[in-house]
Amino acid sequence: MRNRQEQISQVVVTAVQMRDIEERIFAAGMHVAALMEKVAGLIAHRIQDIYPNFGQEGEKDAGKRRRGDAEKEFFASLRVSPISTCVGILVGPGHNGGDALVVARELYFRGYEVWIYSAFSKLKELTAQHLQYAQSLGIPCYQEISQLQDCDFLVDGLFGFGLERTLTDPIAAAIDRLNEWNKPIISIDLPSGLHTDTGEVLGTAIRATHTLCLGLWKLGLLQDQALDYVGKAELIDFDIPLADVQAVLGDTPKIKRITPATAFSTLPLPRPLVTHKYKEGHLLLICGSRRYAGGAILTALGARASGVGMLSIAVPESLKPILVSHLPEALIVGCPETETGAIAQLQLPEKTDLSSFHAIACGPGLTKDATAIVQEVIASDAPLILDADGLNILAQLGTIPTLQKRKATTVLTPHTGEFQRLFPDIPDPKHDTVLAVREAAAHSGAVVLLKGARTAIANPQGLVWINPESTPALARGGSGDVLTGLLSGLLAQAVTKQIAVEDIVATAAWWHSQAGILAAQERTELGVDAFTLTQYLMKVLSNPKV
């Protein structure tokens with residue numbers, strides 16, 4: 001069972017794929033009404049966990065409710081049940097509205113005060129039947145959204161997956177009014193008004209505090225532009241058979257969520273009892289300049305945390321003393337430098353060339369004066385990570401298609417601005433991150449990691465990993481350098497253990513974001529500078545909550 005749940009938690013689907021999977025379920029004999037009952041029961045149970053009822057036997061008189069916190073404490077001191085919690089149910093015309101109505105019925109039977117908003121003249125047959133039954137129970141139904149303003153929280157069942165048209169008045173105006181109230185809203189499947197695949201706001205959308213995604217994760221929930229509307233998202237698993245998922249998506253889904261289980265399974269742990277430093281990966285970092293010495297230090301500290309067996313760092317000669325003081329275990333290679341303090345040429349130890357390293361990372365803090373260095377590493381046969389100025393130089397050179405000729409793996413780690421400079425012909429990734437990163441990987445022949453609130457990773461074959469959780473605390477200078485170091489150290493180890501490159505890149509993105517989340521929990525989002533971030537990387541691996 002755990003294996004099934006883990007596999008389901010990774011799967012991400014489009015609206016078309018979800019529709020095809022549901023059609024298989026119904027064709028096999030599952031009735032829509034039976035599935036609706038099951039799903040709504042799970043939703044009602046989860047809602048009760050999130051917003052417990054204040055009183056199981058409260059008044060149903062709207063004029064007598066609306067107790068404040070002080071009054072509730074007073075009732076508790078007298079051991080008298082206060083007025084029950086009031087929930088507003090937003091009902092749409094389709095089966096999402098039917099789900100909401102079954103939730104309304106279940107919460108009513110559990111003692112909640114329930115009010116229904118239904119402003120659509122035509123409903124699907126099953127949804128209409130549930131509305132009729134709810135009204136027979138005496139649950140009030142309103143056509144004006146203002147009549148739900150006194151509810152404690154709201155359940156959004158207006159529109160489910162597959163919405164593609166722009167919302168217009170009067171429903172758009174009702175949604176805008178709801179958002180102005182700043183009340184807790186639980187959306188069923190995804191917030192009404194969001195495009196299922198891109199997360200685009202279709203005119204307007206519900207700003208949910210919780211989203212209970214049904215069955216399988218919808219792609220739009222993992223796109224950056226949806227995040228202001230999704231709130232805390234969680235999956236309601238209603239036991240979709242894996243066979244139906246695989247029949248539609250194949251044995252290996254093309255889009256996956258990174259989970260703690262997948263990340264830990266990719267880490268080079270445990271180590272064999274008999275090993276040595278070169279079996280655990282030899283990494284070369286090429287980074288830093290007189291202007292950006294910190295970039296070299298942060299990248300190196302990220303690499304150190306990866307556990308890489310041997311770490312060599314090429315920096316301008318003037319930076320060598322400071323790198324030695326921060327990383328005494330690393331081999332610091334001082335290189336000739338330009339007048340501006342950039343690396344003029346690589347000067348590796350005798351009998352060492354670029355092909356002797358299991359991985360090379362190039363870019364953080366280099367400055368654009370290091371063009372010749374970037375050209376040299378691209379021409380090498382070693383697995384290569386390009387970041388920061390390595391990417392800026394690559395964009396200037398205009399040689400991205402030549403990356404496909406490299407014999408070894410290339411990993412590109414741009415943020416949105418760097419991505420647009422590298423791939424000017426690809427549509428803005430802010431509109432559809434998954435589509436953009438997939439096209440970039442196909443065009444370059446590289447594994448592309450596109451940084452963002454929901455970092456996405458694609459390989460040239462079209463497989464996409466999405467990191468589903470991060471924190472704005474990482475929006476600090478230097479945090480990307482830490483990621484480059486961590487990633488390159490893991491990649492150097494992966495090469496010796498034959499782990500798929502895109503898997504190790506996904507693990508690095510997850511590990512990095514989890515360190516930021518953990519640090520923000522302890523220090524707030526303002527207290528997570530890049531150096532502090534490096535100190536939380538190892539804490540992630542020992543954190544029982546991960």
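Asp-197 sits in the loop that links strand 6 (185–188) with strand 7 (210–214). The coordinates belong to a predicted model. Asp-197 is buried, yet no salt bridge is found for it. The nearest side chain of opposite charge is that of Arg-19, 8.2 Å away, whereas a salt bridge requires a distance within 4 Å. What the side chain of Asp-197 does reach is the backbone nitrogen of Ala-15, at 2.9 Å.

**Strand 3 and its neighbours**

Strand 3 covers residues 113–118, and 6 of its 6 residues are buried, so the strand is largely enclosed by the rest of the structure. In a regular strand, side chains alternate between the two faces of the sheet. In strand 3, Glu-113, Trp-115 and Tyr-117 point one way, while Val-114, Ile-116 and Ser-118 point the other way. Residues of both sets are buried, Glu-113 among them.

Strand 3 pairs with strand 2 and with strand 4, as tabulated here.

| Pair | Bridges | Direction | One facing pair |
|---|---|---|---|
| Strand 2 (residues 86–91) and strand 3 | 6 bridges | parallel | Val-87 and Val-114 |
| Strand 3 and strand 4 (residues 141–142) | 2 bridges | parallel | Tyr-117 and Tyr-142 |

The connection on the strand 2 side is made by helix 5 (residues 95–109), and strand 2, helix 5 and strand 3 form a right-handed β-α-β unit. From strand 3 the chain then passes through helix 6 (residues 125–136) to strand 4, and this β-α-β crossover is right-handed.

**Cysteines**

How many disulfides does a search of the whole structure find? The count is 0. Cys-141 is in no disulfide, and the nearest cysteine sulfur to its own is that of Cys-151, 12 Å away. Cys-141 is partly exposed, with a relative accessible area of 28%; this value lies outside the buried class because that class is limited to under 20%.

Why is Cys-151 not bonded to Cys-86? The closest cysteine sulfur to that of Cys-151 is in Cys-86, at 3.5 Å, which is too far for a bond. The cut-off for a disulfide is within 2.5 Å, so the 3.5 Å separation does not qualify. Cys-151 counts as buried because its relative accessibility is 0%.

How values were computed: Residues numbered from 1 in each chain as written. Predicted model: local features only at pLDDT ≥ 70, side-chain atom pairs only at ≥ 80, totals over all residues. Heavy atoms only, no water. Buried < 20%, exposed > 50% of the residue type's maximum accessible area, 1.4 Å probe, protein only. Helix = DSSP H or I, 4+ residues; strand = E, 2+ residues; numbered from the N terminus. Pairing = 2+ DSSP bridges. Right-handed = clockwise from strand over helix to strand, strands pointing away. Lys, Arg positive; Asp, Glu negative; His and termini not counted. Polar contact = N/O pair within 3.5 Å; in protein donor to acceptor, adjacent residues only side chain to side chain.
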